[in-house]
Structures are given as C-alpha cells and as structure tokens.
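This report walks through the fold shown here, from local backbone features to the sheet, its helices and its cores. Keep the structure open while reading.

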Amino acid sequence: MGAPVNKLKQALALGRLQTGAWLGLVDPYGAEVAGTAGFDWVLIDGEHAPNGITEISHQIGVLQASDSSVIVRVPKGEDWLIKQVLDAGAQTVMVPMVETGEQAVEMSRAMLYAPQGIRGVGSALGRASQWTGIPDYLTTANDQMCLIIQVEAQRGLDNLDDILAVDGVDAVFIGPADLAADMGFLGNDQAPAVQAAMEDAVKRIRMAGKAAGIMCPDPVYAEKFIGWGVNFACVAIDVVMLANGLREAAKLFKDNQ
C-alpha cells in the first residue's frame with residue numbers, strides 16, 4: 001500500500017478547472033463544515049491567518065473525511081516548515097512570495113525525499129504515513145506531492161519563465177493584491193496595468209503546461225479570470241463570508257428599528 005493518490009494534482013495536470021475556498025478561521029469545526037460544501041479543494045492559510053502547525057494539523061485531520069483536497073499555505077518558503085506540514089498529512093503546499101527559479105527549485109526539493117529532494121525522513125511520527133500504517137509511504141510519497149508557487153511581485157513576473165521551467169512546480173498562483181501593491185497600485189488590483197500583467201502571466205503559465213491559479217471570490221471577476229485560462233481558482237473565503245453575512249444580518253434588523 002502506498003501514499004494516497006493526490007486527486008488535485010491529477011486534475012491540475014489534466015487542465016481541469018478546480019475551484020476552492022480559503023480557510024482562515026483557525027478552527028477544526030469550521031474546516032470540517034467547509035469540507036462538506038462541495039469545493040474541489042480547501043486551503044488552510046498559515047500566512048495571514050494565525051495558524052500554527054498544531055492548528056494546521058488538527059484541521060488536516062478533520063478534513064481527511066472530506067471529498068475536498070487539502071492545501072496548506074505556509075507562511076514562508078522554509079524547508080523545515082514544509083517538512084512539518086507534509087508530515088502532518090498535507091500533500092499539496094502553496095508557497096508565497098517566490099520570485100526566482102532558484103527559489104522554486106529549493107521549494108521543490110523541500111517537497112521530496114532523497115535523492116530527488118531534501119525532505120527529512122521521520123514519517124513514523126506523522127499522519128502522512130498513518131504512523132507507519134502505510135508500509136510503502138516512503139517510496140511512493142514523492143509522486144503524490146503537489147507544489148503551488150505564488151508569484152506576487154514584479155520580480156516574480158520577470159522571472160516567471162525560470163519558475164515555470166522547474167519540473168517540481170505543478171501550479172503558479174498569482175497574488176493580485178500583493179502584485180498590485182508592488183506595481184504601485186496598492187488596493188487597486190483592477191488597475192489596467194495590473195490586469196494586463198496578470199492576464200499575460202496566466203497565458204504564459206498555461207502555455208508552459210502548468211496550472212494557473214488566482215484569488216477571485218467575486219463571481220464577476222472569477223468568470224473573467226477563468227476566461228483567461230485560470231484553472232485553479234479561489235472563489236470563497238470563510239472569514240470574509242462570515243463577516244459579511246453577520247454584517248448584513250445586523251444591518252437588516254437595525255434598519256427596521
């Protein structure tokens with residue numbers, strides 16, 4: 001018996017549209033609810049949500065019963081962080097703020113056991129191997145690892161071809177907000193220059209045979225980005241949906257007083 005098949009990696013390799021939700025509530029119960037919604041994937045955010053490895057591990061645990069694939073976004077591209085989330089059971093990792101091909105190579109190697117990579121061998125302590133319950137985990141895990149690189153600055157766009165040339169990169173995710181800020185349009189990712197840069201990046205990513213991802217919780221923008229060729233799209237953010245729903249409910253009754 002080997003490592004579980006990574007359904008998201010398979011779907012992205014085939015170019016299928018995969019839509020998902022961002023999880024920032026730092027709560028296993030909330031993650032479990034999201035896992036029943038029917039998304040292709042859900043992402044546990046370790047960069048901007050206050051998720052530590054313990055909270056991430058707990059959420060991975062409850063999501064194992066879900067049909068949604070699990071992604072973990074680490075706060076920074078560090079091999080020891082990637083090792084921890086992989087041992088906790090993640091097979092797909094998103095790394096923010098990657099700007100060079102060299103960085104992408106380092107992240108790819110962090111995802112894999114030797115000789116292809118540098119992932120430390122400690123699977124007996126982790127959920128990934130079902131605590132040695134998967135006897136062939138070590139020899140089969142590499143094939144199921146999926147790496148999503150985030151390009152969020154002009155330097156990353158300038159080096160996009162080098163990033164796309166890295167075999168271990170499965171998808172490149174454009175960060176509209178950070179890219180807009182880096183280009184001088186803080187808070188305005190709809191600026192024509194930003195939109196043009198993102199559209200060009202998406203086309204280059206797909207031409208290279210990789211999956212192209214983007215944040216697009218607004219349905220109007222989601223349709224536009226998917227029209228560009230995006231096939232890995234975040235269409236919901238749990239924290240934002242909760243906050244907006246509560247505000248609407250509060251306003252409704254305040255207005256009727």
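## Backbone features in the loops

Pro115 sits in the loop between helix 5 (101–110) and helix 6 (137–140). The model is a predicted one. The peptide bond leading from Ala114 into Pro115 is cis, and its omega is near 10°. Gln130 belongs to the loop between helix 5 and helix 6 as well. Its phi is positive, near 55°, although Gln130 is not a glycine. Val26 also has a positive phi near 55° and is a residue other than glycine. Val26 lies in the loop between strand 1 and helix 2. Most residues other than glycine have a negative phi, and most peptide bonds are trans.

Are these two positive-phi residues buried or exposed, or something in between? Val26 has 22% relative accessibility and so counts as partly exposed. Gln130, at 37% relative accessibility, counts as partly exposed too.

## The barrel

Eight strands form a closed barrel in the order 1-2-3-4-5-6-7-8, and their pairing is parallel. On average, neighbouring strands of this sheet are turned by 25° against each other, direction ignored. Strands of a sheet pair through backbone hydrogen bonds, either parallel or antiparallel.

Three of the strand pairs are set out below.

| Strand pair | Sense | Bridges | Opposite residues |
|---|---|---|---|
| Strand 3 (69–73) and strand 4 (92–95) | parallel | three | Ile71 and Thr92 |
| Strand 4 (92–95) and strand 5 (146–151) | parallel | four | Val93 and Leu147 |
| Strand 5 (146–151) and strand 6 (171–174) | parallel | four | Ile148 and Ala171 |

Strands 5 and 6 also set Val151 opposite Ile174.

How many residues of strand 5 are buried? Six of its six residues are, so to speak, under cover: strand 5 is mostly covered. Cys146, Ile148 and Gln150 point one way. Leu147, Ile149 and Val151 point the other way. All of them are buried. Strand 4 is likewise covered on both faces. Thr92 and Met94 are buried on one side, and Val93 and Val95 are buried on the other. In a regular strand the side chains alternate between the two faces of the sheet.

## Helices around the sheet

Helix 3 (residues 53–63) lies across strand 1, strand 2 and strand 3. Helix 3 runs at about 165° to strand 2. Its buried residues are Ile56, Ser57, Gln59, Ile60 and Leu63. Why do they fall on the same side of helix 3? They do so because they cover an arc of only 165° around the axis. An α-helix has 3.6 residues a turn, so residues three or four places apart point the same way. The buried residues of helix 3 pack against strand 1 (18–23), strand 2 (41–45) and strand 3 (69–73). They also pack against helix 2 (28–35) and helix 4 (79–87).

Helix 10 packs on the sheet as well. It touches strand 6 and strand 7 (211–215), and its direction makes about 150° with that of strand 7.

Helix 10 has a helical partner too. Helix 10 and helix 11 (residues 219–228) pack with their axes 9 Å apart, at an angle of about 45°. The two helices are therefore oblique to each other. From helix 10, the residues Gln195, Met198, Glu199, Val202 and Lys203 take part in the meeting. From helix 11, Lys224, Phe225 and Trp228 do.

## The nonpolar cores

In soluble globular proteins, nonpolar side chains tend to be buried together. The largest nonpolar core here has 61 residues. Which members touch the most others? They are Ile82, Val95, Ile149, Val172 and Ile174. Helix 10 (residues 192–207) gives the most to this core, with six residues. Another core, of 15 residues, lies apart from it. Its members include Leu8, Ile148, Phe173 and Ile237.

Val172 shows how the largest core is knit. Neighbours within four places in sequence are left aside here. Val172 then contacts Ile149, Val151, Leu160, Ile163 and Leu164, among others. Its further contacts are Ile205, Ala211, Ala212 and Gly213.

Conventions: Residues numbered from 1 in each chain as written. Predicted model: local features only at pLDDT ≥ 70, side-chain atom pairs only at ≥ 80, totals over all residues. Heavy atoms only, no water. Core = buried A, V, L, I, M, F, W, Y, C linked by side-chain atoms within 4.5 Å. Buried < 20%, exposed > 50% of the residue type's maximum accessible area, 1.4 Å probe, protein only. Contact = heavy atoms within 4.5 Å. Arc of directions from axis to C-beta. Pairing = 2+ DSSP bridges. Axes fitted to C-alpha atoms, helices over the stretch in contact; angles between N-to-C directions. Parallel < 35°, antiparallel > 145°, perpendicular 65-115°, else oblique.
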